[in-house]
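Here are some exercises to work through with the model open beside you. Try each task on your own before you read the solution.

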Amino acid sequence: MTKVPPLADLLDSMHVVSIPMQVRFRGVMHREIAVFSGPSGWGEFSPFLEYAAPEASRWLAAAIDAAWQSWPSAVRHTVPVNATVPAVAAADVPAVLARYDGCGTAKVKVAEAGQSLADDLDRVAAVRETMGAAAKVRIDANGGWSVDDAAAAITRLSAYDLEYAEQPCASVEELVDLRKALARNGIDVPIAADESIRKATDPLRVARMGAADIAVVKVAPLGGVASALSIAADAGLPTVVSSAVDSSVGIAAGLALAAALPDLPHACGLATLELMAGDVVGDSLVPQSGSIEVRRPEPSTELLHEYRANPERTAWWRQRVTDCHAHLTA
Ligand SMILES: O=C(O)CCC(=O)c1ccccc1C(=O)O
Ligand SMILES: [Mg+2]
């Protein structure tokens, strides 16, 4: 566990930015992000706005880890990444995919509140159609289905040849039941766990219960690169590193984790800067020919200024860091 520096050391170098999104994601058109620097470099603190201190504090631990600790050694210099397709209309799929240079894997959001299975089928069909038969297509339901809905939806969607289905149901118990139901019906679509790992008090329960074939691992909610790496090792499942829709500061930490994993059998969800219309670094961590180079660019003063949040939002984030810092040191 990272030693927590004094609060002033975080606040003194902290910048709060509000970066416009290209497409609505998690219901928002702006992504608010705080970054600060320490002896090892910059760290990103950007828990979603509704997260309370106990959960957001893990994100602060990850940002502190990035700025004060060193990262594990890399076993690769590039990381293959997937295109991320938000819950857009099928007609908008080609424009979304066009942003991702050379990505042969796409992750498609499904089970969005207010939409139907027909919307998901249309969107996944459009992705398969745009990318061709050789592409890998995975879905992410963010826990939006019951076991019965998930079994029915995955059975229908499997017609488009799915690489895996991420967090089809919310609970670990449901994932266990779903895997049994799919096996009974002869539907061979692997199940990946995301929220069941990153939002759980015990991130290894998924693996122990046999609730997933694949572990999705995110640096920020799991408290930093080293902590996420050890969770991945203990889970013992094939691991996919993903982002939380971060600036390049957060993506650099995800790349460090993906670069340190002994095996990386699937493309990682780290190409999310393509969903954003700005960044805090000039040379953004975006894919070229389907992979992102493992490096750690520095924020630029001009971009931190260009995207700076208004005084009210900045004050809100400074208070949030203060609260999370208190939580970590309590
Ligand atoms: O994995 C990806 O392709 C991109 C990251 C992503 O989908 C995501 C981004 C922010 C919050 C939640 C999620 C998620 O995987 O559920
Ligand atoms: Mg997910």
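A residue is called buried if 20 or more other C-beta atoms lie within 10 Å of its own, exposed if 12 or fewer do, and partly exposed in between. Keep this rule at hand, and remember that the model is predicted.

**Exercise 1. The whole chain**

Task: Find out what percentage of the residues in the protein chain is buried, and what radius of gyration the chain has.

Solution: Start with the count of elements: the protein chain has 12 helices and 12 strands. Next, apply the burial rule, which gives 51% of the 330 residues as buried. Then turn to size. The C-alpha trace spans about 55 × 40 × 40 Å along its principal axes. A compact globule of 330 residues would have a radius of gyration near 20 Å, and the chain's 19 Å agrees with that. Finally, take the contacts between residues at least 6 apart in sequence: 70% of them join residues at least 24 apart.

**Exercise 2. Two domains and their contact**

Task: Work out which element gives the largest share of the side of domain 1 that touches domain 2.

Solution: First locate the domains. The assignment gives domain 1 as 7–70 + 301–329, and domain 2 as 78–293. Their centres, taken over C-alpha atoms, are separated by 24 Å. The contact takes 25 residues from domain 1 and 26 residues from domain 2. On the domain 1 side, two or more residues each come from β1 (15–25), β2 (28–38), β3 (41–45), α2 (53–68) and α11 (301–306). The largest share belongs to β1, with 8 residues. Sorted by class, this side has 16 nonpolar, 4 polar and 5 charged residues.

**Exercise 3. The annotated binding site**

Task: Explain why D140, E166 and D194 can be said to gather at one spot.

Solution: The starting point comes from UniProt, where an unreviewed entry places the feature "binding site" at D140, E166 and D194. These residues span 55 residues in sequence, but no two of their C-alpha atoms are more than 9.1 Å apart, so they gather at one spot.

Now take two of them in turn. D140 is in strand β7 (residues 136–140). E166 is in strand β8 (residues 162–166). D140 is buried because 25 other C-beta atoms lie within 10 Å, and E166 is buried because it has 27. Leaving aside neighbours within four places in sequence, the contacts of D140 include K107, K109 and E166. On the same terms, E166 touches D140 and D194, among others.

**Exercise 4. Around the ligand**

Task: How do the residues of the shell around ligand 1 divide into nonpolar, polar and charged?

Solution: List the shell first: ligand 1 is surrounded by N82, T84, K107, D140, N142, D194, S242, S243, A244, V245, G269 and T272. Sorting them gives 2 nonpolar, 7 polar and 3 charged residues. Compare this list with the previous exercise: D140 and D194 are in the shell, and both carry the UniProt "binding site" feature.

**Exercise 5. The buried face of a helix**

Task: Which elements do the buried residues of α5 pack against?

Solution: Begin with the general rule. An α-helix has 3.6 residues a turn, so residues three or four places apart point the same way. In α5 (residues 147–157), the buried residues are V147, A150, A151, A153, I154 and L157. They pack against α4 (117–131), β7, β8 and α6 (172–184).

**Exercise 6. Loops to look at**

Task: Is S289 buried or exposed, and what are the phi values of R26 and A111?

Solution: S289 sits in the loop between α10 (248–260) and β12 (291–293). It counts as exposed because it has 10 C-beta neighbours inside 10 Å. Not counting residues up to four places away in sequence, S289 touches D101 and G102.

For the second part, recall that most residues other than glycine have a negative phi. R26 has a positive phi, near 50 degrees, and lies in the loop between β1 and β2. A111 also has a positive phi, of about 60 degrees, and is in the loop between β6 (105–109) and α4. The surroundings can be read from the neighbour counts: R26 is partly exposed, with 15 other C-beta atoms within 10 Å, whereas A111 is buried, with 23.

Definitions and conventions:
Residues are numbered from 1 along each chain as its sequence is written. Chains are lettered from A and ligands numbered from 1 in the order in which they are written. This is a predicted model: local features need pLDDT of at least 70, side-chain atom pairs count only at pLDDT 80 or more; totals for chains, interfaces and linings use all residues. A residue is near a molecule or strand if its C-beta atom, placed from the backbone, lies within 6 Å of it. Ala, Val, Leu, Ile, Met, Phe, Trp, Tyr, Cys and Pro count as nonpolar, Asp, Glu, Lys and Arg as charged, and the others, Gly among them, as polar. Domain bounds come from an automatic or database domain assignment. Two residues are in contact if their C-beta atoms, placed from the backbone, lie within 7 Å. Helices (H or I, at least four residues) and strands (E, at least two) are DSSP runs, numbered from the N terminus. UniProt positions are given in the numbering used here, feature names are shortened, and annotations may be inferred rather than shown by experiment. The radius of gyration is taken over C-alpha atoms; the globule rule is 2.2 Å times the number of residues to the power 0.38.
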